[in-house]
Amino acid sequence: MLNKDLGYGVGAGLTVTKTEDAFITGRNLILNKNWSDVFFINEQKGFAVSPPWEYGSLYKTEDGGINWLIVSGAPAGTEILFLDSMTGFIGGSTIFKTTNGGDSWYAVTGVPGGVGKIFFVNPFVGWATSGRNILKTTDGGENWVVQFTHINDSFTSIFFIDSLNGWATSRYIHQTTDGGLNWIQRTDIQLYFTNDIYFTEIDTGFVTDGFGIDLYKTFDGGLSWLRDTTIETAHYFNYFPNKYHWILNGGVGQLWETTDNGFSWTEISGNIPSGGFGRFQAPKEWIGYAVGAVGLILKYEDTSYVPLELISFDGKIEKDKVFLYWQTVTELNNRGFEIEKSIDKENWFKIGFVEGRGTTTDINYYSYIDSEISSGIQYYRLKQIDYDGSFEFSNIIEVNIDLDIISYHLFQNFPNPFNSSTVIYFQVPGKSLINIFVYDILGNEVAKLVDEVKPAGSYEVNFDASGLSSGVYFYKITSGKFIETRKMLLMK
């Protein structure tokens, strides 16, 4: 005690307590909780929860794990997950739900006892394990019903690949193909005390045994299983946003990583405590967080990861063709782009493929010409595909094609930003005098690109800016009463 009120106390398990009222009350100065699970909504905001039997509580960070504060009135638990930035669940003595981003929590209805695993296939339909019971909800987790009860064993984990096909682990593996109405016990599979299960496709899945020793995999939807002899120890599956990239908790201080859907594994080395950690979760492919016993919180960061960033995607009519063009500023494992086309934004078909640059941090320019066009609105999108088969769609652009009548239009220059030279595209509906001038940011004319009569059609003109300094410039087209101006950026 430093005086009659202010003092400090220490105890087992890294307990350091401070009091300011002579130990009538006190607070821990070190987060020495035995954490059971962690979930980050984004790179900055996340939660760590400890179990009820450890005098558990929920802590929150909003600065990427630098500072943590207890969430007043929140429940303890063994499992935590969020469906979006506002809706989340904690599995503990029952299932608790939040609809305000974790600020407050309430118990849902229909849960008969303690909860182990919670899994949602969409924002409305989910399942949970509760002792010998499998529970299901169809209203976003507000109400749960017991869907199946095992007479002998307790369930440890559950996973669904879609709304119909799922698997649950207990002493054996159980499988459903009708959304959980009926469960088949795979008694022919000689796996005992299965612990955790994960599927990436309806045929390809993995399971760990309850002793934390073996990993098994299936390629026929769970009908048969083979032991993976390359893994020494296996406990829990921890996922990255890329479903083919995950980390497998092994034994004491052992972690295994796969980036190819479990076909090959690499043991992770580095700053990993000898006791290992319990759970890991990654809000992004390049950042993740892990928790363990006695206050352990770890942050994983891959500084070499360069996600693909598409900064522009546009299209223009050029005579009887559509010219598509786009730019990226970074790429990671980019195999290329499929170009897809639609006339109703519902039914899409592939019209071409443009090879990507792999992994790069340079600005890259791409283009594609669609020669098979007809009058009316045409919609286009890009399907960017990685080497591992994962993909993302770009925004949708539309091009209004009238093969008989072409209106005035000044298109965005390409490339933009540009170094020394760029191309400016324009179209005119009929024979007319066309002026295109370039101005600096002060309004001074720096170049005259077009000053002549043009017949109806689409045109392009090259702008050589090698004699100009870097900066923002404007180009303007004038033809009679039609005036249009666009901005471009010169970067040397």
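In this predicted model, three strands come together as an open sheet, in the order 1-2-3 and with antiparallel pairing. Strand 1 (7-11) and strand 3 (27-28) sit at the edges, each pairing on one side only. Strand 2 (residues 15-19) meets strand 1 through 5 bridges, in the antiparallel sense. Within that pairing, glycine 9 has threonine 17 of strand 2 as its bridge partner.

Further along the chain, strand 43 (residues 471-479) pairs with strand 40 (residues 432-440); the two run antiparallel and share 6 bridges. Here aspartate 440 is matched with tyrosine 473 of strand 43. Strand 43 also runs antiparallel to strand 44 (residues 482-490), this time with 9 bridges, and isoleucine 477 finds its bridge partner in glutamate 484 of strand 44. Strands 43 and 44 make a hairpin with 2 residues between them, and glycine 480 in the turn takes a positive phi of about 65°.

Now for a loop. Asparagine 182 is found between strand 18 (173-176) and strand 19 (184-185). Leaving aside residues up to four places away in sequence, asparagine 182 touches Gln175 and Thr176. Its side chain also makes a polar contact of 2.7 Å with the side chain of aspartate 178. As for glycine 9, back in the open sheet, asparagine 182 is 173 residues from it in sequence and 56 Å from it in space, C-alpha to C-alpha.

Aromatic rings make up another part of the picture, with 39 aromatic pairs in the structure. Phenylalanine 159 and tyrosine 198 count as edge-to-face because their planes stand at 85°, with ring centres 5.1 Å apart. This pair links distant parts of the chain, as phenylalanine 159 belongs to strand 16 (residues 157-160) and tyrosine 198 to strand 20 (residues 194-199), 39 residues apart. Phenylalanine 159 has 7% relative accessibility, so it counts as buried; tyrosine 198, at 4%, is buried too. Tryptophan 167 and phenylalanine 199, by contrast, are stacked, at 3.5 Å centre to centre and with 5° between the planes. Since tryptophan 167 lies in strand 17 (residues 166-169) and phenylalanine 199 in strand 20, their pair ties together parts 32 residues apart in sequence. Both of these residues are buried.

Ring pairs also build a cluster, whose members include Phe159 and Tyr198 along with Phe119, Phe206, Phe237, Tyr239, Trp246 and Trp265. Elsewhere, a charge comes into play: arginine 381 lies over the face of tryptophan 348, 4.3 Å from the ring centre. The charged end of arginine 381 also sits over the ring of phenylalanine 393, at 3.9 Å from its centre.

Notes. Residues numbered from 1 in each chain as written. Predicted model: local features only at pLDDT ≥ 70, side-chain atom pairs only at ≥ 80, totals over all residues. Heavy atoms only, no water. Pairing = 2+ DSSP bridges. Helix = DSSP H or I, 4+ residues; strand = E, 2+ residues; numbered from the N terminus. Contact = heavy atoms within 4.5 Å. Polar contact = N/O pair within 3.5 Å; in protein donor to acceptor, adjacent residues only side chain to side chain. Phe/Tyr/Trp six-rings, centres within 6.5 Å; stacked < 30°, edge-to-face > 60°. Buried < 20%, exposed > 50% of the residue type's maximum accessible area, 1.4 Å probe, protein only. Lys NZ or Arg CZ within 6 Å of the ring centre and 35° of its normal.
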